[in-house]
Amino acid sequence: MRYTGSVIKYGDNVDTDVIIPARYLNTSVPSELAAHCMEDLDKSFVSRVKQGDIITAGLNFGCGSSREHAPIAIKASGVSLVIAKSFARIFYRNAINIGLAIVECPEAAEEIAEGDTVEADLDSGIIRDLTNGKEYRTAPFPGFVQSIIENGGLIASIANGAVK
Amino acid sequence: MGMTMTQKILAAHAGLGSVSAGELILASLDLVLGNDITSPVAVKEFAKLGKDSVFDKDKVVMVMDHFVPNKDIKAAEQCRVCRGFCGDMDISHFYDVGDMGIEHALLPEKGLVTAGDAVIGADSHTCTYGALGAFSTGVGSTDMACGMAIGKAWFKVPSAMRIELKGSLRPYVSGKDVILHIIGEIGVDGALYRSMEFGGEGLASLSMADRFCIANMAIEAGAKNGIFEVDDLTLGYIREHGAAEPKVYTADPDADYDEVLDIDLSEIEPTVAFPHLPENAKTFGEIGEVKIDQVVIGSCTNGRLEDLQAAAEILRGRHAAKGVRLIVIPATQRIYLEAMEQGLLKTFIESGAVVSTPTCGPCLGGYMGILAEGERAVATTNRNFVGRMGHPGSEVYLASPATAAASAVTGRITSPWEVMEI
């Protein structure tokens, strides 16, 4: 799994209420959610995000509500990968379950700058900042989680018998 | 190495003799829960599996509580999806307008959870049922869909933080103050990925409402679950509400806790979490004059009968300050009825409050109390993130029902000790 994109950077404790405010939760259509993604934190996000972009963030990304609408909105915005110092646990499993790539790497999340171009290979656990050439290493997912992602998410894993 | 309470419950549900922190397991579930926001997504995912039935129609619960009675057409359509699914699948526990309540107050009241259960819910505050000695955790809609399909969920076995309670609470101090104090100490990611296990001799002084409130907000410290040791009070509650026979798990004496937090309940003061994180906890020595526009008393955290009684005790014979909108939301129909029979609703209305049907409404900025730019609310809810109750430029201050009621009376954030002259 390899991802390349330019970076949009946020800080600590980005909660799911700012990722997708509850006033828009009367729908679950991905494109409608994407139209309001990050609205209460960064009004410019929707207009500047490009297909393949990578979000970097600080500690506890995705804290708060369990709304799967949050990773759905991020994915539907075109974001290919989220790199954070740490993730809130419900967001973490939701992202895996719906097939939004995420990775914990505190050093990369700290050092990579807004606008840098980054390439991440999650199989080998190597993240490269192509703008300055710096390289970071992270632990690959555990095998069980890797298999969910490789099967295309939890639903597909159950449908094809990989999870019984 | 011994196991924690949570690890023992997970081991039993995974059919394993023992588990240890970090291990990935597939656990069988006693209950799978969703609401009117998260269930429609789960229904859509469930349909992809091509199944014509859920794993057990008695073990799936859907509660319409966030945007009901429906706030708009889209919300109505979402509820229709849930209603249709529950009809098609012959779900035993579908709670709609008229018999619904806020899910985390409703499920224990209906006796749907017992000690030793493993429960997932597509709502982050599903951790509430840890007060009953169950393993209970919030998940997303896809986990809910898979839980409905196969009755199982994958988990990484958590390590745990032990919270050792001693002493007893002072007057007008409640579980809300305790959990705000703890989150203030450890931060909003202080228990990330971990269990918070509550026990010790101080447990005896905490009511079930206090315990539900504390377990409810474990997620605000990032925890996977909050869980309480089971005592006679828990067992009494479980029996009184007709839940299944409890299975009581206790942590091994050599259980591996990676942190122990000692809390002396007698030292806890009325506590308020300032915007925009629940960890911004302050006591009244540090709080100056903060004028407010609205007070909300309710939610899955503090909408129980004991919470309404605490608020009514302070509001009785007093009136909300001019310019303060006071909104009281009993968490379930049964609580609403009991509050009426006890005269609490009369007290609220005479003090200038509006009393609403059960709903999550204002807590998440849905409806029934949205804030304008620059407005401030004291709320007994659980989150004070940017924009949580309305405009991104509004502010939410989290507090107990007693503090919220005292603040309504004065029009500024006020300790119940001040109003009750303690």
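Start with helix H1 of chain B, residues 5-14: nine of its 10 residues are buried, so the helix is largely enclosed by the rest of the structure. Keep in mind that this is a predicted model. The buried set in H1(B) runs through Met5(B), Thr6(B), Gln7(B), Lys8(B), Ile9(B), Leu10(B) and Ala11(B), and it also takes in His13(B) and Ala14(B). Right after H1(B) you hit Gly15(B), which has a positive phi of about 70°.

Now look at how two other helices of chain B meet. H2 (residues 39-47) packs against H5 (residues 141-150) at an angle of about 55°, and their axes are 8 Å apart. An angle that falls neither under 35 degrees, nor over 145, nor in the 65 to 115 range counts as oblique, which means H2(B) is oblique to H5(B). The crossing of this pair is right-handed. On the H2(B) side, the contact uses Val41(B), Ala42(B), Glu45(B) and Phe46(B), while H5(B) brings Ser141(B), Thr142(B), Met144(B), Ala145(B), Met148(B) and Ala149(B). Sort those contact residues by character and you get seven nonpolar, two polar and one charged.

Both of these helices turn up again where the chains meet. There, 43 residues of chain B are in contact with 36 residues of chain A. On the chain B side, H2, H3 (73-88) and H5 each supply at least two of the residues that touch chain A. H5(B) gives the most, with seven residues. As for the make-up of the side of chain B that touches chain A, its residues split into 22 nonpolar, 11 polar and 10 charged.

Methods:
Residues numbered from 1 in each chain as written. Chains lettered and ligands numbered in written order. Predicted model: local features only at pLDDT ≥ 70, side-chain atom pairs only at ≥ 80, totals over all residues. Axes fitted to C-alpha atoms, helices over the stretch in contact; angles between N-to-C directions. Helix = DSSP H or I, 4+ residues; strand = E, 2+ residues; numbered from the N terminus. Left-handed = near helix turned anticlockwise from the far one by under 90°. Contact = placed C-beta atoms within 7 Å. Nonpolar A, V, L, I, M, F, W, Y, C, P; charged D, E, K, R; others polar. Buried ≥ 20, exposed ≤ 12 C-beta atoms within 10 Å, placed from the backbone.
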